[in-house]
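Good morning, colleagues. Please have the sequence and the structure open while I speak. I shall begin with aromatic rings, continue with charged side chains, and end with one glutamate.

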Amino acid sequence: MVQDPNQGACADTRNLGLPKARKGYGNGGIVVGTKLINTSHLLSASYCTSLEPKDKFPKGPSFISAGESPLIINKCERTLSFAPLDPSKLIHYIAHPDVLLTAYELIKSKPGNMTKGATPVTLDGVGHEWIKDTSKKLLAGQYKFGVARRILIPKPGKTGERPITMASPREKVVQKAIDLVLQELFERQFMETSHGFRPKRGCHTALQMVDRTFRGGTWVIEADLTKCFDTIPHSTLMSVLARHIKCGKTLSLIRSGLKAGYILNGKSYVEGKIGTPQGSVLSPLLCNIYLHALDVFMNNLIGKHTVGDDRRKNPAYRKFQYQIAKAKDNEVKTSLRRQMWKVPSKDLMDPNFRRLAYVRYADDFVICVTGPYKLAQEILNEVRAFIETNLGLKMNNDKTKITKFSKGINFLGTTISNRKVAEKKIALMNIGKSKGTKVRITPRLSFHAPITKLIERLTLRGYYR
């Protein structure tokens with residue numbers, strides 16, 4: 001252990017890699033740390049031996065020298081981020097050798113990224129010369145993505161097939177470099193309601209947000225987009241990117257990836273005007289960028305339909321309170337109190353109280369409505385109109401539905417319901433306005449794994465008989 005003057009005694013120069021990201025389960029949080037002179041030491045020892053430390057990368061008018069690394073690493077947390085980005089010069093960051101080397105490190109150990117593309121070229125033999133040549137092509141705007149290999153896999157438990165597109169492993173290094181830079185640029189703009197394919201977020205954080213914000217809900221809109229990845233219009237996506245990216249070479253590079261064709265069953269196809277290839281390193285981030293407009297729309301819709309501070313008291317509950325106050329016999333009071341506890345204290349149909357909640361994971365999202373069924377229908381119609389008009393996507397009418405929350409919904413492989421109990425638990429409050437009084441505790445949402453469906457899926461894949 002060697003003490004670092006900037007990071008303290010916790011910095012360890014023997015292992016400054018990113019094991020969490022390489023393992024595939026790290027959350028990759030953005031933490032500002034010490035700026036590096038060169039991040040080549042992020043590479044494994046076996047790879048570093050192929051590099052010549054004294055060899056300098058060529059400089060040019062549009063090149064950031066290797067001594068001015070844009071990467072920032074926190075040695076204690078083993079996380080990295082970028083120095084402040086210039087949206088008009090993003091290609092400088094993408095093409096920087098340190099970024100390309102880091103992109104290589106992040107994908108080289110993942111089995112899926114070793115799958116061959118349309119050509120037999122793999123990551124074997126990638127070295128200093130390939131990094132230098134790729135960097136020069138990117139900076140000159142001469143790098144073009146080649147055709148990819150596409151296969152069709154059956155959808156688990158469903159009819160139909162899903163197209164998976166696999167680019168060359170070396171092209172995935174460039175895609176990952178673009179992904180690193182764009183994620184740094186757009187991550188701070190994304191909203192709390194988006195959880196898919198983001199640092200420190202995932203299925204668990206999405207379900208936690210459902211648990212926090214869906215309590216007391218009456219109806220849930222289960223939304224399903226029809227082939228979201230395959231139908232994103234290129235023109236609309238590029239216009240969204242152009243609002244934030246002022247670098248023409250970066251936009252051309254992304255457009256090249258979208259337009260690159262694919263080979264399916266030995267035949268070559270040219271990509272049309274829609275779709276981001278499923279299986280591409282960039283597709284999840286591009287989907288998040290594109291659907292960010294839906295997050296903004298829903299945030300405005302939530303503000304519009306948030307009405308009232310609290311529900312009014314239930315008349316039946318108020319009547320019991322009046323009878324208890326008038327009764328003189330303790331046994332009568334106890335009997336009335338037990339009957340009162342079985343009645344909702346608030347008017348669940350209060351027209352002056354409305355709430356809306358929304359959670360999205362990639363192209364899968366749910367909306368919770370606290371209010372009448374008619375309001376849920378209006379919300380669904382508004383969301384459908386926005387998605388079709390502004391995003392150019394379509395909702396699956398067969399799978400999009402409004403469900404009574406007490407009956408349960410399916411979201412991210414979990415069955416969730418708003419539990420109804422005959423009699424709520426009584427507890428003494430220690431904090432808040434009700435401190436020192438006994439109140440009824442509303443139960444939390446119920447989360448269950450659909451065991452039957454899981455067994456059916458495992459059987460379909462050959463794990464069970």
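By the rule used here, two rings of Phe, Tyr or Trp form a pair if their centres lie within 6.5 Å; planes under 30 degrees apart count as stacked, over 60 as edge-to-face, and the rest as tilted. Applied to this structure, which is a predicted model, that rule gives a count of 7 aromatic pairs.

Consider one of them, formed by Phe 197 and Tyr 361. Their ring centres are 5.9 Å apart and their planes meet at 45 degrees, which makes the pair tilted. Phe 197 sits in the loop between α6 and α7, whereas Tyr 361 belongs to strand β9, so the pair ties together parts that are 164 residues apart in sequence. As for their surroundings, Phe 197 is partly exposed, at a relative accessible area of 45%, while Tyr 361 is buried, at 17%.

A further pair consists of Tyr 262 and Tyr 269. Here the centres are 5.3 Å apart and the planes lie at 15 degrees, so this pair is stacked. Tyr 262 is buried, with a relative accessible area of 14%; Tyr 269 is partly exposed, with 34%.

Let me place these pairs in the context of the whole chain. The protein chain has 465 residues, of which 46% count as buried. It contains 15 helices and 16 strands. Among contacts with a separation of 6 or more, 74% are between residues 24 or more positions apart. The chain exposes about 25000 Å², and carbon and sulfur atoms supply 53% of that area.

I turn now to charge. How many salt bridges does a search of the whole structure find? The search returns 14.

One of them lies within a helix. Lys 108 and Glu 105 form a salt bridge at 3.9 Å, N to O. The two residues are 3 apart in helix α4, and about one helical turn separates them. Glu 105 is buried, at 5% relative accessibility, whereas Lys 108 is partly exposed, at 23%.

Two others connect loops. Asp 310 and Lys 346 meet at 3.3 Å, N to O. Asp 310 is in the loop between α11 and α12, and Lys 346 is in the loop between α13 and β9, so the pair ties together parts 36 residues apart in sequence. Arg 312 forms a salt bridge with Asp 347, their closest N and O atoms being 2.8 Å apart. Arg 312 is in the loop between α11 and α12 and Asp 347 in the loop between α13 and β9, so this bridge ties together parts 35 residues apart. Of its two partners, Arg 312 is partly exposed, at 45%, and Asp 347 is buried, at 13%.

There is also a network of salt bridges, which links Asp 211, Arg 215 and Arg 444.

I close with Glu 171, in helix α6. What is the nearest side chain of opposite charge to this buried residue, and how far away is it? It is that of Lys 172, at 9.5 Å, and Glu 171 has no salt bridge. A polar atom of the Glu 171 side chain does, however, lie 2.7 Å from the backbone nitrogen of Gly 146. Apart from neighbours within four places in sequence, Glu 171 is in contact with Tyr 143, Lys 144, Phe 145 and Gly 146.

Thank you for your attention.

Key
Residues numbered from 1 in each chain as written. Predicted model: local features only at pLDDT ≥ 70, side-chain atom pairs only at ≥ 80, totals over all residues. Heavy atoms only, no water. Helix = DSSP H or I, 4+ residues; strand = E, 2+ residues; numbered from the N terminus. Buried < 20%, exposed > 50% of the residue type's maximum accessible area, 1.4 Å probe, protein only. Lys, Arg positive; Asp, Glu negative; His and termini not counted. Salt bridge = Lys/Arg side-chain N within 4 Å of Asp/Glu carboxyl O. Polar contact = N/O pair within 3.5 Å; in protein donor to acceptor, adjacent residues only side chain to side chain. Contact = heavy atoms within 4.5 Å. Areas by Shrake-Rupley, 256 points an atom, 1.4 Å probe, with all protein chains shown as cover. Phe/Tyr/Trp six-rings, centres within 6.5 Å; stacked < 30°, edge-to-face > 60°.
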